[in-house]
Structure formats: C-alpha cells, structure tokens
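Please open the model in a viewer and keep the sequence panel visible. The tour below proceeds by selection, and each stop states what is to be found there.

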Amino acid sequence: MIGSVVAVFSFEWKRALTLPRKAWWLVLAAFPVFIAGLVRFTAVNHENGPEGLWRHLSTWLLFALVPMLVAMLGTLLWTTPAISSELERRSWVYLAVRPHGATAVLLGKYLAAVTWVIPPALVGLTIAVPLTGTGDSWRVWRALSGLVFLSCPAYAAIYLLLGVIFPRRAMVVAVAYTLVFELVVSFIPAVINKMTVQYRLRALAANWCDLNVFNTRESGAMALIGTEPPWHHIVTLVCLTFVLVAAAVVVLRAREFSSSADSDT
Amino acid sequence: MISRHMSVLIELNEITKDYGQFRALDRVSLQIQSGITGLLGPNGAGKSTLIKVLLGLVKLTSGRGRLLEFELGRQSREIRACVGYMPEDDCFLHGMTGVESVQFVAQLSKFPATEGLRRAHEILDFCGLTQERYRTVETYSTGMRQKLRFAQAIVHDPPVLILDEPTSGLDPEEREIMLNRIRVLARDHGKAVLLCTHILPDVQSISDSVVILARGRVQVSEGLAQLSRPATPSLEVRLHGNGDRFVERLGAQGIVTTAGQNGFFVLQGSPEELAASVWRVAEECGIGVRSMTPSRNSLEEIFLNAVRAEPQRD
C-alpha cells in the first residue's frame, strides 16, 4: 500500500514538473508578492496612521494572501480534479483495478498536491513579508509559515472529499464551497463559523501575530477569532484533515465510478 | 498458474445488476472453466458490466459469485490482485514512456520500483515493444498502444486475464501475433483468459469455450467444440477435377451428397465412416482430394442464432 502511494506520489511530482505546472507554481508564488508590493507602494503615509494600524493591516493582508488564497487556490487546482481528471482521461479503470489502486491514487495525489502547494506559498511569503514592512517580520513569517503547513493539508482534504463525492462537477462544487463557507460563513459572528477552516486559521493568526486590534468586545469581532487556545485550533485542524482524507477514501471505495466511455453496458 | 483442482475459474449465481431503471445483467448464472473463454455479445448486451462486476468496480444488485476462491463484492482487493485487465478504452498515462507506465502499474500491484522496472522490461520484450518503450506513450501508434495495454495487464503475472478487445485496430499480422501471445499465456503458462471481443474469428481460432450474452442474459455457455458440431454430422470435401462420377459412385453406396461450387461437396454421415469411402471412390474415379474436413457450425451462425433468440419468459 505504502509503495503504491509512493509510486503515485512520484508520478504526480513528475507530472508537476511540466511547463504548465511550473508556470502555475510561479504564479502562486508571485501573486502575494505582487499584491503586497502594490499595496505597500500605493499606500500613502502608511506610517502616519494610529500606532500599530499598518502592522495589523499588512499582517492581515499577508494572512489573506498566503495561508488563505494561495493555499486555497493551489489545493483547489490540484486536489479537486484528482478523480475526475482520471475519469475524463479514461485512465481511472487502469488504476482502480489494481489491488490498492484507487486508495493509492487518492492518497498519492493528495500528498503530491500538499507538497506542491506549500513551497510556492512559502516562497511568496518570504518575499512578501519584508516587502510590506509589517514591522516584526520574523515573527509574522514564522506564524504565517506555520499556518501554511496547516492550511494546505486542510484545504486539500476538503477539496479531495468534494472531488470524490462530486466527480462530475468537482470544480464548481469546490468553488461554491469556498465562496459560501470559507469566505462568507466563516465571517458570520456565530457558532457556525467554527465549522470552517478559515475561522481556525484566523484565530491562530490573531494569536501568533498578536493582532489584538480586533480582540475587543467593542468591535464585536470576538466571535470571528474566538477565545480558544492555539493548541485547540491546531488539534481541530489536524483532526479535521485526517477525518476528511479518511472520509474521501471511504467514499471512494463505496462509489461506482464510470467513465464517459461506458455507454456500452 | 491455476491449480488443476481449480478448473472452475468463475462461478456466477443469479447475478443481477441494475443501473437505476435499466437492468444491465439479468439473473446471470454461469460457470467459466480455465482455458480461453470467448465472451461475446452485441453492444449493450452486458459484457462490460459483467467485467466490472468481476473486477469489483460496480456492486451487485443481487446474486452471488466467485472468481477463483474469492467472493465477488466482498474480496475485490484479492480478486484484483490475481486478475490482469486489459480495458478496451484507449487510456494511457500522459507524460510517461512505455517502460515507465508498465513499471508504474507494476508498482501499483505491490512490486518495488526496481523489481517493477525489471518486470516491465521483461514483459515489454514478450510483447514486442523494443526501442519504442523509451518513447512517451502519446507518440505511440494504435498497435503499440495495444501492446502496451497488454503488457500492463500481465506485468504482475496474474493467473486470470480479462482482455477486452485485445486485437481491435491491429493489422492482420499484428493480430495473429497478439492471438499467439494469448495462446502462449494460456497453454504454456496456465493463464485463464476471458476474451471479450466482437471479432468472431479471433474467438473461433483460440477459444476453448464461448459465452454469449444478449439483453443482459446468458444465451450460450458451452465448449466451442460442442457448439461447432452440427446437428447432422457431415463431411466437407473439396475435389481436384470433375466430381460427377464421384457423386454418382457415392450415391450408389447410399451416401447423400450435396454439390457446391468449384468442386466442393457436403456428404451426409459420420465423418469418420465417410473418410475411407471418399478416399476409395476418389481413387477409383482418378480424381484428387484437395481437402476433407468434418462440417462445423460457424461461430457467426451460432452468435446470430443466440442473439436473435427470443428472450426466455419466466
């Protein structure tokens, strides 16, 4: 089983070294750098605002760009079509008829996606942090790097499961989920936002980067970052990741996939 | 290799598979022995569904079955480990060379990378893919892709092979070579082969038995030798020269003869008993016998009769 997963992982990494994938890698790494640079150099008198305001704004911007958008976009592009791409290429049956084929393909692709997305996120973050002039750069870099290592596996697991449940409309469903849950529901100041990955990451970012500007009862923002200790969020994210990947494997084993070529019964 | 006591390769008992309202397999019961079995049927007959059921790719609606000693639906992983499947679809893994894709499949079948590579080269040699194995599969011709898919099916040395249209798209020479490979695997290496194809001469030339499906039901499941035996035994004779006296002399001996074209005759009776008379009369008449074979039902005839037969009413 492990050998099969390693084989799929190696194969997927070989695929990742093609020109289009390399281009995507560069786009993901350059995206936060470009946006951060744009904000920094277009912001007028950013050092003259209230004390700490620029630090908070630039840190939240980096958070939104790297552990959130880059991680989401990278894993969305890689893990969501894990099954549908093989079904479209009609190669699924090849892989699925091997003893551990289906599970190995799923896990191998998942690991390849996670390890492929983390490096551009870290590269982008490393360049973008000093570019924003956020002040305590080392602390912000460490915190957001840690979040990258949590967000990529978690988002990849979510998209993997969605890709297995909805192989025909995987991308549409994944984008809809991201927009509705991670970008809307996560900002609703109610218990429901605790169900999102975004809430956990945001809470960790606020804690690790000491972003207490929102941490006031007057702002009404307590529900957006919660009061749980960091370990609680980390454990939740790690458990969520494992549960989602396991669920994807279970659903995959239970499902009957047919390729577009299966019109002949 | 299939052990001798395990001559029943596949045993299906009242297998039914529904896709929503559509019944793809309708209470299919059959036993497939080891050797080469041709699986025939028109489009939509249920052949692909039957293969998917055997491989555990789809779940049974009802019924039970087993492949070797493993139960269908419950021991899919074990079944997949001992089955080599060559799908009909022109599916291949982009960006890989031929040898890499066979190695990859071997690794998915639990072989370590180095052993997978060794086996890949060995199997590609057997399949006749020489230097082409180092080219990416996108550049392969139809024939090369067929060889590659065949190699991927057998790389883990499975005792059972399910081959879906293994000769489609091949030129006559390549087709004959492919059939020979299948023959070699079955006869010399003891593989059990389920050959699913629309090319009836392929089945006729290498199969030991035939299963014909139509409308999701088994219409025929029998040994090819028994199926080919005509209802009335007869002997087909082709002569060199004028056969009028020959027919006359045979008629005098009470042998009913039907004349065809170009010296072709069909003699009614047991081929074994007729053969001696044919040689003697031909010598007496001074004509040569070009060929003499027992009459056989053609597979095409058997297939059409099976497919056109009215579905059984329950």
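Select chain A and follow the elements from the N terminus: they run α-α-α-α-α-α-α-α-α-α-α. The secondary structure of this chain thus comprises eleven helices and zero strands. Please bear in mind that the model is predicted. Of the 265 residues in chain A, 45% are buried. Counting contacts in chain A between residues at least 6 apart in sequence, 80% join residues at least 24 apart.

**Stop 1: helix α2 of chain A**

Next, select residues 19–42 of chain A, which form helix α2. Does the distance between the ends agree or disagree with the expected span? The 24 residues, at 1.5 Å a residue, should span 34 Å, and the end C-alpha atoms are 33 Å apart, which agrees. Now centre the view on Ala30(A), where α2(A) has a kink of about 30°. The proline Pro32(A) follows shortly after this kink.

Keep α2(A) selected and display the side chains of Leu28(A), Ala29(A), Phe31(A), Pro32(A), Val33(A) and Ala36(A), which are the buried residues of the helix. To see what these buried residues pack against, add α3 (53–79) and α6 (101–132) of chain A to the selection.

**Stop 2: the contact between the chains**

Show both chains and select the residues at their contact, to which chain B gives 28 residues and chain A gives 25 residues. On the side of chain B that touches chain A, α1 (47–55), α2 (76–81) and α3 (98–108) of chain B each supply at least two residues. Which element of chain B has the largest share of that side? The answer is α3(B), with four residues. Coloured by residue class, the side of chain B that touches chain A shows 14 nonpolar, nine polar and five charged residues.

**Stop 3: the domains of chain B**

Hide chain A and colour chain B by its domain assignment, which gives domain 1 (8–228) and domain 2 (234–294). The centres of these two domains, taken over C-alpha atoms, are separated by 43 Å.

**Stop 4: strand β9 of chain B**

Select residues 209–214 of chain B, strand β9. Six of the six residues of this strand are buried, so β9(B) is largely enclosed by the rest of the structure. Rotate the view to inspect the two faces, both of which are covered. Ser209(B), Val211(B) and Leu213(B) are buried on one side, and Val210(B), Ile212(B) and Ala214(B) are buried on the other.

Add strand β3 (residues 36–40) of chain B, which pairs with β9(B) in the parallel sense over four bridges. Here Leu39(B) has Val211(B) as its bridge partner in β9(B). Then add strand β10 (residues 217–223) of chain B, which runs antiparallel to β9(B) and is joined to it by six bridges. In this pairing, Ser209(B) stands opposite Gly223(B) in β10(B). The hairpin of β9(B) and β10(B) has two residues between the strands, and Arg215(B) takes a positive phi near 50° there.

**Stop 5: strand β11 of chain B**

Finally, select strand β11 (residues 234–240) of chain B together with strand β13 (residues 264–268) of chain B; these strands run antiparallel and are joined by five bridges. Locate Arg238(B), whose bridge partner in β13(B) is Phe264(B). Strand β14 (residues 288–294) of chain B also runs antiparallel to β11(B), with six bridges joining them. In β14(B), Ser291(B) stands opposite Arg238(B).

Definitions and conventions: Residues numbered from 1 in each chain as written. Chains lettered and ligands numbered in written order. Predicted model: local features only at pLDDT ≥ 70, side-chain atom pairs only at ≥ 80, totals over all residues. Expected span 1.5 Å × (residues − 1). Bend = angle between axes of the 7 residues up to and from the residue. Buried ≥ 20, exposed ≤ 12 C-beta atoms within 10 Å, placed from the backbone. Contact = placed C-beta atoms within 7 Å. Pairing = 2+ DSSP bridges. Domains from an automatic or database assignment. Nonpolar A, V, L, I, M, F, W, Y, C, P; charged D, E, K, R; others polar.
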